[in-house]
Amino acid sequence: MDVSRNPEFLPHDGPLREDVHHLGALVGQVLIEQEGKGFYEEVEAIRKASIDRRRQGEPIQLLSQRLSGFDAEQAQALARAFSMYFQAVNMAEMVHRIRRRRDYQRADARPQPESLLDIFGRLKETGVTAEELLAWIGRTRIEPVFTAHPTEAMRRSLLDKQKVIVTALIHGFDAGRTPQERKSDRTAMLTALSAAWQTAESAPTGPSVQDEHAHVSYYLANPLYRVVPSLYAQLGAALEQVYGCRVELPRLLSFATWVGGDMDGNPNVGADTMEASLSAQRISVLDAYQADLQRLAGLLSQTRDRVSISADVEQRLAEYAGLFPAIADTIRPRHRNMPYRSLLTYIDARIEATREEAPGAYADPETFCEDLRLIEDSLRGHRGEHAGARQVRRLLRRALAFGFHLARLDVRQDSRVHDDALAVLLQRPDWTELPATERAALLGDYAGGQAMLPEIDDPTAARLQAVFVQLGSMRRRYGAEAVGLYIISMARSAADVLAVLALARRGGMADAEGQIPLDIAPLFEIVDDLRSAADTLRALLADPVYRAHLRARGDRQWIMLGYSDSGKDSGTLAARWAVQRAQVELLEAAREGGIEVAFFHGRGGSASRGGGRITQALESSPRGSVAGMLRVTEQGEVINRKYGIRALALRNLEQSLGAVLRASLRPRQPDPRAVEWRNRMTALSAWSREHYRKLVDHPDFVSYFRTATPIDVIEQMALGSRPSRRRSMRGVQDLRAIPWVFAWTQCRSILTGWYGLGFALQRGVAEFGIEPLQIMARDWPFFANMLEDIEMVLAKCDLDIAEAFSTLSGDLHPLFFGWIREEFERSRDLLLRIKGSSRLLQHQPRLAVSIGLRNPYVDPMSLLQVDLLRRWRAEGSEPGPLLDALLACVNGVSQGLQNTG
């Protein structure tokens with residue numbers, strides 16, 4: 001299967017072309033071996049017809065007819081065949097990114113763009129001194145947060161096989177590999193592809209919370225655990241090369257997770273899963289430490305008669321011999337003259353005691369780090385920098401990042417659940433109907449501890465109480481660092497935040513000083529709530545109870561910003577602007593109140609849900625909004641794409657760190673045109689939202705959505721441990737953002753990413769003229785970044801295929817699809833005019849090649865899906881072979897477009 005001929009590759013893409021061609025040939029061999037030559041020839045014929053449609057503009061009906069009428073088993077096999085191709089392309093592109101990085105590292109020319117060397121060089125050119133940079137490094141914290149949302153459209157066992165193939169491709173970088181070694185690499189890839197073909201793409205049942213935990217912990221305890229020291233090493237090397245300074249680097253990286261703590265809409269999550277997650281994470285990270293300690297013990301064989309040892313190490317050895325006499329007896333006589341090895345044996349014993357919560361356990365991770373520092377300092381003080389000090393430092397870096405908990409556990413709950421409990425506890429059935437100010441006033445005494453919410457037998461209140469009891473227990477057992485934020489979904493007012501304080505007191509969380517040791521983060525998710533977020537913060541700061549709570553938390557208020565539900569609520573353009581303005585207004589409210597506000601960005605994988613390139617996102621953020629802090633959700637297929645391979649995990653962490661430092665140190669200068677730009681953007685946002693709401697508020701829109709997209713198939717997928725809807729399906733507002741975006745992506749219209757843009761731009765051109773919008777796109781990073789993200793979505797669309805899906809809606813098709821096509825063409829044409837481009841992605845050739853590699857091969861699966869969907873619904877939408885084939889199509893299209901939600 002020669003899949004490298006279309007489209008044209010970039011000039012430096014020769015190795016990528018070879019990898020794609022090589023893997024395509026292996027896929028062809030697998031198809032012949034597993035399904036026969038006739039099946040392979042059918043796949044090739046369909047592939048050719050799909051390419052002809054793209055190249056020669058043949059009517060889509062010709063390809064659609066060719067893909068109609070296959071029985072379920074044949075259809076499933078076809079979908080899986082094309083899906084395997086996408087997996088091959090995805091892997092080849094991952095490896096090419098690693099290859100390009102190595103090319104930069106070998107070259108003497110300028111460093112790789114967005115590397116720390118590149119960022120520091122540019123900062124120095126703008127006048128940033130070493131002292132200024134080091135001060136900001138000391139304030140910086142990067143914290144990726146791995147969420148409990150559906151983590152992959154593809155199961156873990158298949159991801160493992162992909163890693164085998166990636167490893168073999170990376171071996172190809174070595175020109176010195178022997179013919180036998182290359183043959184072995186090819187055999188390994190063929191074996192992995194063949195085994196993958198014989199493995200179902202999705203599990204027969206949905207993942208449990210424990211399954212989600214195992215999935216996320218895989219990335220934390222494997223690639224990320226391994227690369228954390230390398231990030232610090234690159235940071236130190238860049239500082240030395242650019243600024244000529246060598247310093248002790250502070251802790252600037254940690255991780256968090258929602259798995260086991262995200263209760264929002266998930267009845268399977270509660271106090272028990274919170275404890276189970278942290279317990280499993282502790283075991284996982286302690287296992288990793290003990291493996292490292294054993295390796296270090298083998299390395300650090302220094303003997304007293306060969307090298308001096310610091311007095312501190314000798315003293316610690318004596319202390320531990322008394323603390324662990326049984327361990328002292330197990331140290332072999334021949335090893336007792338090896339002080340580092342002996343001390344590491346005791347440290348390992350303390351880690352084991354920590355695991356078992358036995359006498360001798362470490363009180364906290366810092367004590368463990370102190371032991372490692374003793375060894376490192378002794379080695380460095382006695383000519384041991386190259387005799388093990390660096391390896392000890394690597395473990396120390398890991399211990400600082402992961403502690404004894406691996407990742408902080410956030411907890412999230414819907415504000416309406418808190419209200420349901422309070423309505424019962426306060427015996428106020430009208431609780432939610434009361435004005436927010438009145439609810440806040442009624443909660444004051446309960447939040448401040450002057451009164452306690454009553455003990456009334458109610459399942460919702462009991463479940464919440466168990467959660468807060470567990471939070472207090474986990475804090476004591478696993479340490480304060482192990483407990484992350486308490487996030488309030490659908491936060492709307494100060495009363496929602498005070499409710500958590502009152503319920504936490506009822507759960508016994510108050511400390512000896514009467515304070516609640518918990519950071520509470522309201523999540524503003526829809527546009528109206530984002531617009532009123534600053535007023536909510538001002539109301540909280542005016543409340544004496546909450547002000548006292550915040551003072552005890554270091555005068556830092558966490559705010560989570562929702563990109564997903566705001567986009568579903570009002571469209572991408574209005575949502576992006578609402579998030580941007582909310583940050584500006586919240587920063588002003590924080591300055592007025594004398595506190596610091598820290599933002600937590602709830603971004604999804606797709607542009608519709610705030611996804612995109614982190615560097616551009618931070619560069620276009622409001623001045624002062626980054627301030628050394630990046631806390632952002634990582635979810636969906638993004639986790640594997642960013643962190644599945646060590647080299648890519650390191651690259652993504654490096655880009656994040658560089659972007660944070662650059663945005664903090666040298667935010668863009670105020671522009672005198674900014675007021676005018678903001679006014680125009682406010683108008684564009686209102687017009688876009690108006691047009692978007694006209695679509696989704698139409699009385700027949702939900703019916704159209706449920707028939708013109710495969711949402712009913714997606715709801716059958718074993719993607720996550722929670723339902724796809726929040727409550728009853730009264731409308732779009734009750735559907736979760738992930739399946740909402742997933743469904744529109746599958747039908748290839750992806751209207752969630754662009755609908756309303758064209759209408760707004762048309763009004764903008766009429767109102768302001770084309771040139772002012774062109775200037776905004778050229779000179780305003782926020783506007784330019786937003787247009788680039790939307791441009792990428794438009795490039796992934798195929799309106800002819802979207803129309804094929806739309807016809808499934810019957811009589812609803814002409815009206816709704818007429819609106820969709822008109823708005824798509826208007827959005828595309830005006831975006832190109834404003835950017836001065838003749839085609840989509842004209843200025844993003846790498847992305848254009850990536851999409852172009854896939855688009856002709858996604859088409860057959862999409863059209864096959866339309867035919868199967870029609871037949872499956874006609875037969876009652878029951879489980880069976882047709883549904884299995886449909887699921888294969890959904891998985892395949894997800895691989896091709898590299899998006900679920």
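1. In this predicted model, the side chains of aspartate 292 and arginine 398 are joined by a polar contact of 2.9 Å. Aspartate 292 belongs to helix α10. Its relative accessibility is 6%, so aspartate 292 counts as buried. Apart from neighbours within four places in sequence, aspartate 292 is in contact with Tyr225, Arg226, Leu395 and Arg398. Arginine 398 thus appears both as a contact of aspartate 292 and as the partner in the polar contact.

2. Tyr225, one of the contacts of aspartate 292, also takes part in ring packing. The whole structure holds 31 aromatic pairs. In one of these, tyrosine 225 and tyrosine 289 form a tilted pair, with 6.2 Å from centre to centre and 45 degrees between the planes. This pair connects distant parts of the chain: tyrosine 225 is in helix α9 (residues 209-243) and tyrosine 289 in helix α10 (residues 271-299), 64 residues apart. Tyrosine 225 has a relative accessible area of 1% and is therefore buried. Tyrosine 289, with a relative accessible area of 0%, is buried. A cluster linked by ring pairs takes in Tyr225, Phe255, Tyr289, Tyr362, Phe368, Phe402 and Phe404.

3. A second polar contact concerns glutamate 634, whose side chain is joined to that of tyrosine 643 at 2.8 Å. Glutamate 634 is placed in strand β8 (residues 629-634). At 4% relative accessibility, below the 20% limit, glutamate 634 counts as buried. With neighbours within four places in sequence left aside, the residues in contact with glutamate 634 are Pro144, Val145, Phe146, Thr147, Ile639, Lys642 and Tyr643. Tyr643 is therefore named among the contacts of a residue that is buried.

4. Arginine 316 lies in helix α11 (residues 311-323). A polar contact of 3.2 Å joins its side chain to that of glutamate 319. Where neighbours within four places in sequence are disregarded, arginine 316 is in contact with Leu343, Asp371 and Leu374. The relative accessible area of arginine 316 is 17%; since buried means under 20%, the residue is classed as buried. As a matter of separation, the C-alpha atoms of arginine 316 and leucine 434 are 62 Å apart, with their positions 118 residues apart along the chain.

5. How many disulfides does the model contain? The count comes to zero. Cysteine 747 is in no disulfide, and the nearest cysteine sulfur, belonging to cysteine 797, is 9.0 Å away. A disulfide requires the two sulfur atoms to lie within 2.5 Å, so the separation of 9.0 Å does not qualify. Cysteine 747 has a relative accessibility of 2% and counts as buried. Cysteine 369 likewise counts as buried, at 1% relative accessibility.

6. Helix α37 (residues 845-874) has 30 residues. At 1.5 Å a residue it should span 44 Å, and its end C-alpha atoms are 43 Å apart, which agrees. The helix nevertheless has a kink of about 35 degrees at asparagine 855, shortly before proline 856. Most of α37 is covered, with 22 of its 30 residues buried.

7. The segment following α37 deserves a separate remark. Just after this helix, glycine 876 takes a positive phi of about 100 degrees. Serine 877 has a phi near 55 degrees, a positive value in a residue other than glycine. Serine 877 lies in the loop between α37 and α38 (881-897). Its relative accessible area of 27% means that serine 877 is partly exposed.

8. Alanine 627 also has a positive phi, of about 50 degrees, although it is not a glycine. Alanine 627 is found in the loop between α25 (614-619) and β8. Is alanine 627 buried or partly exposed? At 28% relative accessibility, alanine 627 counts as partly exposed.

9. Glycine 810 is located in the loop between α35 (799-806) and α36 (813-835). With a relative accessibility of 40%, glycine 810 counts as partly exposed. Glycine 810 and tyrosine 704 are 106 residues apart in sequence, while their C-alpha atoms are 8.9 Å apart in space.

Key
Residues numbered from 1 in each chain as written. Predicted model: local features only at pLDDT ≥ 70, side-chain atom pairs only at ≥ 80, totals over all residues. Heavy atoms only, no water. Helix = DSSP H or I, 4+ residues; strand = E, 2+ residues; numbered from the N terminus. Buried < 20%, exposed > 50% of the residue type's maximum accessible area, 1.4 Å probe, protein only. Contact = heavy atoms within 4.5 Å. Polar contact = N/O pair within 3.5 Å; in protein donor to acceptor, adjacent residues only side chain to side chain. Expected span 1.5 Å × (residues − 1). Bend = angle between axes of the 7 residues up to and from the residue. Phe/Tyr/Trp six-rings, centres within 6.5 Å; stacked < 30°, edge-to-face > 60°.
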